[in-house]
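Please open the structure in a viewer and keep the selection panel at hand. This tour proposes what to select at each stop and describes what is found there.

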Amino acid sequence: MKIRMIWGNLVSHDLQKTIQFYTDLGFKQNGKETDELVSFIFAENHFIINFFIAERFETALKGKLANTKNENETIFSLSADSREEVDQWYKKVKEIGGTIFSEPENFQQGYTFGFADPDGHKYNFLYWPGM
């Protein structure tokens, strides 16, 4: 058996805000949004994250949603090619109104900062030499 792809599924409480945020960061939509979801491509290998409206996502989960404004679910790490690129992403995220939860810092041999999208989903940009 072989897995061909993996993608993430998250909730969006406002699809238009989600579209604006990720478009402003420069990510490309994966197809056309619907009334229930929008998808974005996050990397060269076409890692996809789908953002579903709350009602649809809760149905798929067969359970309650986490309150990502107060609780943590996961953190996606996005690779950068240099410390300078991490700083460029930092400026961009701040410029478009992302929430910075961890200022740029050295982390072991790497360099990183953390941010959250309008729904509280957490990411970090990370430069790690040799990766």
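The tour begins with the whole chain, then visits two sheets and ends in the interior.

**The whole chain**

Display the complete protein as a cartoon, and bear in mind that this is a predicted model. The secondary structure comprises three helices and eight strands. Followed from the N terminus, the elements come in the order β-α-β-β-β-α-β-α-β-β-β. Along its principal axes, the C-alpha trace spans about 40 × 40 × 25 Å. A compact globule of 131 residues would have a radius of gyration near 14 Å; the protein has 15 Å, which agrees with this. If the surface is switched on, about 8,500 Å² is exposed, with 49% of it supplied by carbon and sulfur atoms.

**The sheet that contains S1**

Select strands S1, S4, S3 and S2. These four strands form an open sheet in the order S1-S4-S3-S2, and their pairing is mixed. Strand S1 (7-12) and strand S2 (28-29) each have a single partner strand, so one side of each is left without a neighbour in the sheet. Next, select residues 37-41 and 48-53, which are strands S3 and S4. The two strands run antiparallel and are joined by five bridges. Which residue of S4 stands opposite Phe40? It is Ile49.

Now add helix H1 (residues 15-24), which packs on this sheet and touches S1, S2, S3 and S4. The direction of H1 makes about 10 degrees with that of S3. Then add helix H2 (residues 54-61), which also packs on the sheet, touching S1 and S4. The direction of H2 makes about 110 degrees with that of S4.

**The sheet that contains S5**

Hide the previous selection and choose strands S5, S8, S7 and S6. They form an open sheet of four strands in the order S5-S8-S7-S6, again with mixed pairing. The edges are S5 and strand S6 (99-107), each of which pairs on one side only. From one strand to the next, the twist averages 20 degrees. S6 and S7 pair in the antiparallel sense over six bridges; Ser102 has Gly114 in S7 as its bridge partner. Helix H3 packs on the sheet and touches S5, S6, S7 and S8. The direction of H3 makes about 15 degrees with that of S7.

Zoom in on strand S5 (residues 75-79) and show its side chains. In a regular strand, side chains alternate between the two faces of the sheet. Which side chains of S5 are buried? Phe76 and Leu78 point to one face and are buried, whereas Ile75, Ser77 and Ser79 point to the other face and are not. Strand S8 (residues 122-127) runs parallel to S5, and five bridges join the two. Within this pairing, Leu78 stands opposite Phe125 in S8.

**The interior**

Finally, return to the whole chain, where 36% of the 131 residues count as buried. In soluble globular proteins, nonpolar side chains tend to be buried together. Select Tyr22, Phe42, Phe51, Phe115 and Tyr123: these have the most contacts inside the largest nonpolar core, which has 23 residues. The elements that give two or more residues to this core are H1, S3, S4, S5, helix H3 (83-95), strand S7 (110-116) and S8. Which element gives the largest share? Helix H1 does, with four residues.

Methods. Residues numbered from 1 in each chain as written. Predicted model: local features only at pLDDT ≥ 70, side-chain atom pairs only at ≥ 80, totals over all residues. Heavy atoms only, no water. Buried < 20%, exposed > 50% of the residue type's maximum accessible area, 1.4 Å probe, protein only. Pairing = 2+ DSSP bridges. Contact = heavy atoms within 4.5 Å. Axes fitted to C-alpha atoms, helices over the stretch in contact; angles between N-to-C directions. Core = buried A, V, L, I, M, F, W, Y, C linked by side-chain atoms within 4.5 Å. Rg over C-alpha atoms; globule rule 2.2 N^0.38 Å. Areas by Shrake-Rupley, 256 points an atom, 1.4 Å probe, with all protein chains shown as cover.
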